[in-house]
Amino acid sequence: MQSLQAKEQQVRQGSNSLLDSLGGFLDAAFQVLSTYSATIVAGVLVLMTVVLVAGSSPVFRRFGFIGFITGVNWNPVIGKEAFGALPYILGTLVTSAIAITIGVPISLGIAIFLSEMSPWAVRGPVSQLIELLAAVPSVIYGLWGLFVFRFWVRDWIETPLSTYVGSLPVFSGSPFGLDVLTAGLILAIMIIPTVSSVSREVMLAVPNSQREAAYSLGATRWEAVRIGVLNYSRSGIFGATILGLGRAVGETMAVTMVIGNAIGPAAIPTSLLKASQTLASLIANEFNEADPTSLHPAALIGLGLILFIFALLINVLAQLLVWKVLKVKRGSVE
Amino acid sequence: MFGLCVACVALAVVPLASILVEVVLNGAPALSPEFLTSGPGVIGEAGGGIGNAIQGTLILMGLSSLIGIPTGVMAGIYLAEFGDVVFVGHSFLTHVNSFLSSSLRFLNNVLTQFPSIVVGILAYTTIVVALGSFSTIAGAIALSIIMLPIVTRTTEESIKLVPGSIRDAAAALGIRKWRDSKRSAKHLEERSRHGCLACHGTDHRGDGALDSDGSGKQRVLPM
């Protein structure tokens, strides 16, 4: 009996020891390799910071950080250099603000429709249609904006605005269709899938007891949505909005094709019906032609650094908000 | 109120419909075998095609997938499988690991929505300047940086959907951890590839397998 047991143990050890030690090594190697792969993301962000700061330092040394972000002139000609980022910072902020103002209410309407009101049969197809908007490449949005949407905006929005309230400074200028308003509206369309899908998820995570409580107090359907659902999911909707903002701030091709690409003081977005420029669109327009021996690339990398800071702040804020909501969501499920 | 919500949906669908109609109506007549296969014509003259552009797109897609997918899948496996590993008897290591995995997950989510033009500047200043000229490999590296966080996130979410019982069963059968993960990774790669290919064009998500904005929702179980 004993010898049999001993033999069995011996066989088991003998036949497996090599495989076992190899397997153990592969296990460890696999874990180390996957850990390294995961740290690449952090490496990319660090490298990005270093590259942007180093690449833009000549322009900051020449004009100073404050001087660069408050300057309005833009002249890459050697000997007459002047680089100021203010018009493009404002252009980015104004177009993104238009996108949020128009895009978020529409997205919320879609999210409420999909989570609260639509019949079950419609829910899937409609949400897939909306998600299809996210699958359209941004350069296609740009082309469509240039050839189609521009004329819609010019004829149906800008001409009436200019005719009736053109005396207001915000609507001054002649309707042309390639301006701040068109860029903002294109961005509004582009952020709809992001904002509406996140808001929908957040609304679907609201426990039914919230709605039931509102109904039991005699609320109408809209009141139940407002009191029970919107109130409860406020911070998640805010997070969705910030995510949309992140997309709007960094969007490049579509904006470049419809914003009119003004330069220097002319690019300050004082009116909605005026050509302007965003940080991303100016980089896209000029990076290829910048003379590597001049300050021009450094100035464009400086714009990139500002955009990087914007995107970092926005995305960190959005992640914190969305995480918070998802934690609540997980808690409510468990 | 119902009407208002339906109007919102309509407002979003109109641009989509218009884009599809315009692209198909104006684009379809231009498509022909010669147009798809011949190189660019002489500037100012009629003729020429997009053969070179298609070839370039395919090469770029292949190269960036070659770099981005393996790295992203490995990173996703780390976040899903090893991120919460407890090193028995080493509370310090356990703490380091859990801090590392949660901060890497955070940075990954931050990078998912990053402006592609900033990634472009990174690729230009590091690779194009170093090599002395524009190149396909510079483009491929830039694209793989853009797709990396998306692949990582999709992989992680998919692996997390694998029921713990299957993981336990594999361990009970004596299957090594790396083989176990590798097997699920194979299924995943198919899933995430949809997302990745589409992200070349849209630097966003592909087939709705995963929202790149925090509301991941998977339809297919990878096992």
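Across the interface of chain A and chain B in this predicted model, the search finds zero salt bridges. The interface itself involves 79 residues from chain A and 62 residues from chain B. Together the two chains bury an area of about 6,300 Å² between them, and carbon and sulfur atoms give 78% of that area. On the side of chain A, three residues supply more than any other three: Phe30(A), Val41(A) and Met48(A) account for 10% of the area that chain A buries against chain B.

One residue of chain A that touches chain B is Gly304(A), which has contacts with Val118(B) and Ile121(B) as well as with Leu52(A) and Ile283(A), when residues up to four places away in sequence are not counted. Gly304(A) belongs to helix α12 of chain A, which covers residues 296–333. Because buried means under 20% relative accessible area, Gly304(A), at 0%, counts as buried. For a sense of scale, Gly304(A) and Val153(A) are 151 residues apart in sequence, and their C-alpha atoms are 30 Å apart in space.

The discussion now turns to chain B. Chain B contains eight helices and zero strands, and its pattern along the sequence reads α-α-α-α-α-α-α-α. Of the 223 residues in chain B, 43% are buried. Contacts in chain B also join distant parts of the sequence: among those between residues at least 6 apart, 60% join residues at least 24 apart.

Where, then, do salt bridges occur? Side chains of opposite charge can pair when their charged atoms come close. Over all chains, a search of the whole structure finds six salt bridges. In chain B, the side chains of Arg105(B) and Glu156(B) form one of them, with a distance of 2.7 Å from N to O. Arg105(B) lies in helix α4 (residues 91–112) of chain B, whereas Glu156(B) lies in helix α6 (residues 136–160) of chain B, so this pair ties together parts that are 51 residues apart in sequence. Both partners are buried: Arg105(B) has a relative accessibility of 18%, and Glu156(B) has a relative accessible area of 5%.

Glu156(B) also meets the side chain of Lys160(B) in a salt bridge, here at 3.0 Å from N to O. Glu156(B) and Lys160(B) are four residues apart in helix α6 of chain B, and therefore about one helical turn separates them. Lys160(B), with a relative accessible area of 43%, is partly exposed. Arg105(B), Glu156(B) and Lys160(B) are thus linked in a network of salt bridges.

Chain A offers another example of such a pair. The side chains of Arg154(A) and Asp155(A) meet in a salt bridge at 3.1 Å, N to O. Arg154(A) is partly exposed, at 26% relative accessible area, and Asp155(A) is likewise partly exposed, at 39%.

The packing of helices in chain A may be considered next. Two packed helices are described by the angle between their axes and the distance between the axes. In chain A, helix α3 (residues 86–117) and helix α8 (residues 221–230) pack at an angle of about 100 degrees, and their axes lie 12 Å apart. Angles of 65 to 115 degrees count as roughly perpendicular, and therefore α3(A) is roughly perpendicular to α8(A).

Which residues make the contact between α3(A) and α8(A)? From α3(A) come Ile112(A), Glu116(A) and Met117(A), while α8(A) contributes Arg221(A), Val225(A), Val229(A) and Leu230(A). Sorted by character, the residues of the contact of α3(A) with α8(A) comprise five nonpolar, no polar and two charged.

A final point of interest in chain A is Ser199(A), which is found in helix α6 of that chain, spanning residues 180–204. Is this serine, Ser199(A), buried or exposed? With a relative accessibility of 0%, Ser199(A) counts as buried. Leaving aside residues up to four places away in sequence, Ser199(A) touches Leu108(A), Ala111(A), Ile237(A) and Ala240(A).

Note on methods
Residues numbered from 1 in each chain as written. Chains lettered and ligands numbered in written order. Predicted model: local features only at pLDDT ≥ 70, side-chain atom pairs only at ≥ 80, totals over all residues. Heavy atoms only, no water. Salt bridge = Lys/Arg side-chain N within 4 Å of Asp/Glu carboxyl O. Buried < 20%, exposed > 50% of the residue type's maximum accessible area, 1.4 Å probe, protein only. Helix = DSSP H or I, 4+ residues; strand = E, 2+ residues; numbered from the N terminus. Contact = heavy atoms within 4.5 Å. Axes fitted to C-alpha atoms, helices over the stretch in contact; angles between N-to-C directions. Parallel < 35°, antiparallel > 145°, perpendicular 65-115°, else oblique. Nonpolar A, V, L, I, M, F, W, Y, C, P; charged D, E, K, R; others polar. Buried area = accessible area lost by both parts, 1.4 Å probe.
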